[in-house]
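Trainee: Could we go through this one together before I write up my notes?
Mentor: Gladly, have it open in front of you.

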Amino acid sequence: MSDKTVSAEMVRRVLAGASLCVPVLVVIISWWVWRDSLPAELASHWSGAGPADDVMAVGALLTLNLGMTGVPAVAGVAISFWPGISARARRGAYFFLGVFGGMGAATWLISAGLTMQVGDPYEVVLGAWVIVSFVAAGYGIIPFLIAPRSRLEATDVERRIEFAPSAIGAWSQTIRGNMFLWVAIGLIVLGSVIYGPAVVAGRASDQIFGIAVMTVAIVLVASFVRLRVTADWRGLRVVSAIFRIPLKRIRLDAIDAVEAAELRPTEWGGWGYRIMPGRSAVILRKGPGLIVTTRNEKQFAISLDDPETPAALLATLRDGNAGAPKMERGSKP
Amino acid sequence: MLFVVDASSSVSLAEQIAVQVRSGVVSGDLRPGDRLPPARDLAKSLRVNMHTVLRAYAELRNDEVIEMRQGRGAFVRKDAGAGLIHVTELAAQLMHEARKLGLTQSDILRLIQRGGMA
């Protein structure tokens, strides 16, 4: 990993930790702004959407919410700098700390804001404001997205393939995704059960939207049943061998690193075609696969029987060592 | 599988492609029923004319290594490996016998070349 990448990751970690300080700052600032308007006691507990059934002194509730928001802030900053934590664990921690922090700030704002408005804390009705506290729990997603994603380290140094200066290489393999076949069959069966009776009864037009969605879903899934993966002077391409639909294309000049690695579905969000922030993958099984990291720090992984050869070829081609013989007449790039 | 063609080689580009498919079948990289890349795609990947790849595929079909299915592409024949594997076994046997006689690799190659001329 280059120094530039390391420093960029550190900045993102610091920003993620700093974002966890926002809830505690919201509590402190709102208390400072409202301190003269707040009654001695604030509504603190509701059994439903009706009036409050318990109250707390401002100081006690403030302390409680400062704890709920302050602990995640301190912990978030600490884990930003704590060495030896994996990026995945760090992101998970940021998420849960953000959930607590967001809920802590929302609880304080709802209790203090509504009591200040109503006056009598026992008269404060929670109503739809309960939704706000749930929405605020989603604050965890912010530090999660800011934090750097886990980068799988290369299993070994990038290999190269020796070529004669006038030679050119290309690698191609058709892979089968039996899992997609079963899912496609399942969707066909499901579609037949749901929409079959309407079609038989001549009422297909009533269900046209559902039938269209199901058809598109089946075609999409079926396009992954047979995939043709090609590595050549243009880069890496994954094409549906059945429908000839391009599913993934990474230009050679966009490739930063390429490696053969052991792919674990748990690290890529499961089996199938996975899309995550900054990462995507076609995971057919636990086992060998190719991981391509692009210059804009995105990663793509695909399960392959023999990922070493395309990895070495792409690394060789990227470095311009594979030769680029004069094209024959009639061939186009 | 990996295809490599060298424009400066004395062997034709089509023959180079055909040899690599045969080697792939013998080594097990290509298994019976495996689909070869479409000629148009392979030609683009190797920056050669599509007819060069089609010539290679036609040669492999004539040698009963692959079969061409209309509209579906080229597939390695179910019985493709047998003949090639037999030749590979003979070659291994030859190497074994020659080494027992103390022949060097260049001696063996010379013998093969002489046999091929005969």
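Mentor: We will take the domains, then one contact, then one residue. This is a predicted model, in which local features need pLDDT of at least 70 and side-chain atom pairs count only at pLDDT 80 or more, while totals for chains, interfaces and linings use all residues. Residues are numbered from 1 along each chain as its sequence is written, chains are lettered from A in the order in which they are written, and side-chain values use heavy atoms, without hydrogens and water.

Trainee: Which domains is chain A divided into?
Mentor: Chain A has domain 1 (3-146), domain 2 (153-171 + 228-323) and domain 3 (178-223), with bounds from an automatic or database domain assignment.

Trainee: And how many residues make the contact between domains 2 and 3 of chain A?
Mentor: Domain 2 of chain A gives ten residues and domain 3 of chain A five, contact meaning heavy atoms within 4.5 Å.

Trainee: What about salt bridges between those two?
Mentor: Between domain 2 and domain 3 of chain A the count is zero salt bridges, that is, a side-chain nitrogen of Lys or Arg within 4 Å of a carboxyl oxygen of Asp or Glu.

Trainee: Switching topic, where does A:Gln173 lie?
Mentor: A:Gln173 is in strand S3 (residues 167-176) of chain A, strands being DSSP runs of E of at least two residues, numbered from the N terminus.

Trainee: Why does A:Gln173 count as buried?
Mentor: Because its relative accessibility is 16%, and buried means under 20% relative accessible area (1.4 Å probe, protein chains only).

Trainee: Which residues does A:Gln173 touch?
Mentor: Leaving out residues up to four places away in sequence, A:Gln173 touches A:Leu227, A:Arg228, A:Val229, A:Leu304 and A:Asp305.

Note on methods
Helix = DSSP H or I, 4+ residues; strand = E, 2+ residues; numbered from the N terminus. Buried < 20%, exposed > 50% of the residue type's maximum accessible area, 1.4 Å probe, protein only.
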